[in-house]
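Let's take a quick walk through this one, starting with how its nonpolar residues pack and then moving on to a helix and its surroundings.

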Amino acid sequence: MDKKIRKAGVIGAGVMGATIAAQLANVGIETVLLDIVPPELTGDDKKKGLTEESKAFRNKFGQNGLAGALKSKPASFYIPENAKLISIGNLEDDLDRLKGVDWIIEVVVERLDIKKSVFEKVETVLTPGTFISSNTSGIPAKEMCKGRSKAFHNYFAITHFFNPPRYMKLLEIVAGPDTLPEVVEILAETCEKVVGKGIVYAKDTPNFVANRIGTFSMFSAIKAMMDLGLTVEAVDKLTGPVLGYPKSASFRTADLVGLDTLLHVADNVYEGAPNDEKREIFKVPDFISKMLEKKLLGDKTKQGFYKKSKDSDGKKVILSLDYTTLEHTPQEKVKFASLEAAKNISGTGEKIKSLFYAKDKAGEFTFRTQSEALIYSANRIPEIADDILNIDNAMKWGFARKLGPFEIWDAIGVEKSVSKMKNAGYEIPAWVEEMLSAGKTSFYKQEAGKRYYYDIPAKDYREIPAKPGIILLPSLKEQKKEVAANTGASLIDMGDGAACLEFHAKMNAIGEDIIAMLHKSAEIVSRDFDGLIIANHGENFSVGANLAMVLFAAQEEEWDDLDWSVKALQDALMKLKYLDKPVVAAPAGMALGGGCEVCLAADRVRYAAETYMGLVEVGVGVIPAGGGCKELLIRNTDHLFEVPRGGIYPKQIEMMPFIARAFETIAMAKVATSGPEAVKLGYLRASDKMSVNRDYLMEDAKRTVLAMNMEGYVPPRPMDEIRVPGENTFAMIKLALWTMHESGFITDHDVTVSTKVGYVLCGGNVMADTKVTEQYLLDLEREAFLSLCGDPKTQARMQHMLTTGKPLRN
């Protein structure tokens, strides 16, 4: 079966349906979004003059769903323009439009009778070969298929997206009893490579994989909290980032999801898995039932385990629930010696290990909840999934955790932890005992650049299959492919003549080590390789300059050293820009400040969809000085002076609107919230391409380098005649800043910093239409940067950012 999914239909325009449609549109899949016709006209409908035959009335639910997706925070669309790929309708008037789609996704309310009714309607217009799937979070596929035709059965599967669909990587695929293998294969490939998901193959059991284990972990934590007398906020501190979990931890996540939804998921297991050895834990505690009665459902009712309020001084505070009284009270300070110690330990696995074996109450809670979660996960194979890989991936991708259950078990030491669990009275799954008896003391192992997992039926390790198109730099390093390295970066041979410069400093902040490796990599690649990719597996591509280093140098008045460092970065990026081999940057996550400037210096950028790019230096009281101002000036104005076909060079062009665009972007520290938005802001070119699934980003970047060489790569020529608008335009910028200051929109220091930005973009105090070199502009950048570093207000901004992580307006 050779099928491409180009058009899709989504049935159900609630939050989940609309945001699934948004993600399909983000990746270029034209989507029809349908919902029911509203049961009756509301008072507002009548005021608008609508009748029951009006399209605006009949399509209201679809329109509201699309409008909600456009307003959602975080944003569901990469850019709002993507919404144009979604057309709305209703199931009575527009059902026939589903005849022209390749894939129909049902996203209606979680009731079997309603889903079966929808499928009955859909089958009347189903074109042979159209895939159909349900986004159910727990209703069995076999039940939804009952009464449908053989063709329906063959092309039906469950595709369970996690909320919000744009950001959560997990997609669970569950085949029905008669689903064709090729249908599952094509759905998996499309969802992984086109839609950008991580695929987990789940069994047709209650709540599948992630929600089955995640809900168990939540109720296990609630029971431990009650037994140990812990508070809601204490549990969230113990189940948050210290364990590699999101900041929302346990109860904040429950508020986001909704208590009613959580209880529905728990009830699914209780009713649908009568043989689950831990079935009773899914029964709702009394205080949770009372929360439900009092409508303490979380964010949807503005109060749940937490509640926003104001104190006696009118300051905003977040209260937590005292589950013994069901009253919201001020949060208590959470202080455990083991928690504080764990926070200061490097590495997620080591943090968990420290807490797991700690002797205080925090250690007791961690030991109890982790032991129960690990044993429960082990007992679910092969019931809910065939292997540990699918379970680990489900928990990492579905709940944004850094480690899956079996990776955690390895981190705390399988033998040692099993001994402790046994002493505490826990029953260890037979296959884990068998694995240990055979001398196999971990679930995963690494050998010769390959990773292996313990396969239960085989009773031995199997190699984790290497997916074509996924490059893992640690594996290449183990294969002795590292060409050069220092503490901040490595140059790695990727094969086929391509090298990868990997940043691996803390948060990939650019300091002297990375700058040195930029210079060295350019020399090595020029001599020994055909092209360079700049990429890494870090959470962020680079958060910019090492701010602590800059602040220290400024406070110590080490101006020569600071000048040398900035000049070294400028020279390194100019070397990359004019390298005789193609350079492709492959950012993902944050590419801020200097990280953005690295991308601006590359010939091409192959960016992940979730790339958050911006020149943010003004937030700490300085300006971009690694070529950021220069590059935005060039990118916003170079097209103005291209020689037309007639050969007549334009004599006079008003540059102000284009300079204003660059100025606004830098002075407002605009950060793109997606790769496509970075194109709109001018950080990326329209010719730069996107990889939706970050797993394939490096391979895509490598292919870009190879393609550039196949086309006959010619390096760009240095620009020595850049036109700048000069002092007249600079005067207009200063007038605008004065007006904003007088109106109270910006501070004195904002004016100081923004004036420097305008000065560089206008080319300094020169006449209009003066031609300057790149080095001239770089010198202006560096001079402005250094002068601002000496300003006490800039140093205060830097200190505040380092201390709080937030910008200071002074």
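## Two nonpolar cores

The largest nonpolar core in this predicted model has 112 residues, and the members touching the most others are Phe305, Phe406, Trp409, Trp431 and Phe443. Helix α9 (residues 210-228) gives this core its largest share, ten residues. There's also a second, separate core: 87 residues, including Leu547, Phe663, Ile666 and Leu684.

Back to phenylalanine 443 for a moment. Setting aside residues up to four places away in sequence, its contacts include the aromatics Phe406, Trp409, Trp431, Tyr452, Tyr453, Tyr454 and Tyr461. Ile388, Val414, Val432 and Met435 also touch Phe443, and so does Asp410.

## Helix α27 and its cover

Helix α27 (residues 656-667) runs for twelve residues and spans 15 Å from first C-alpha to last, close to the 16 Å expected at 1.5 Å a residue. Just past the end of α27, alanine 669 has a positive phi of about 50°.

Which residues of α27 are buried? They are Met656, Ile659, Ala662, Phe663, Thr665 and Ile666. Two of these, Phe663 and Ile666, turn up in the second core as well. Among the elements covering the buried residues of α27 are α26 (628-637), α28 (675-681), α30 and α31 (748-761).

## A look at alanine 731

Helix α30 (residues 727-742) is also home to alanine 731. Alanine 731 is partly exposed, because its relative accessible area is 40%, which falls between the 20% and 50% cut-offs. Its C-alpha sits 9.1 Å from that of glycine 758, 27 residues away along the chain.

Methods. Residues are numbered from 1 along each chain as its sequence is written. This is a predicted model: local features need pLDDT of at least 70, side-chain atom pairs count only at pLDDT 80 or more; totals for chains, interfaces and linings use all residues. Side-chain values use heavy atoms; hydrogens and water are left out. Helices (H or I, at least four residues) and strands (E, at least two) are DSSP runs, numbered from the N terminus. Buried means under 20% relative accessible area, exposed over 50%, partly exposed in between (1.4 Å probe, protein chains only). A nonpolar core is a set of buried Ala, Val, Leu, Ile, Met, Phe, Trp, Tyr and Cys residues joined through side-chain atoms within 4.5 Å. Contact means heavy atoms within 4.5 Å. The expected span of a helix is 1.5 Å times one less than its number of residues.
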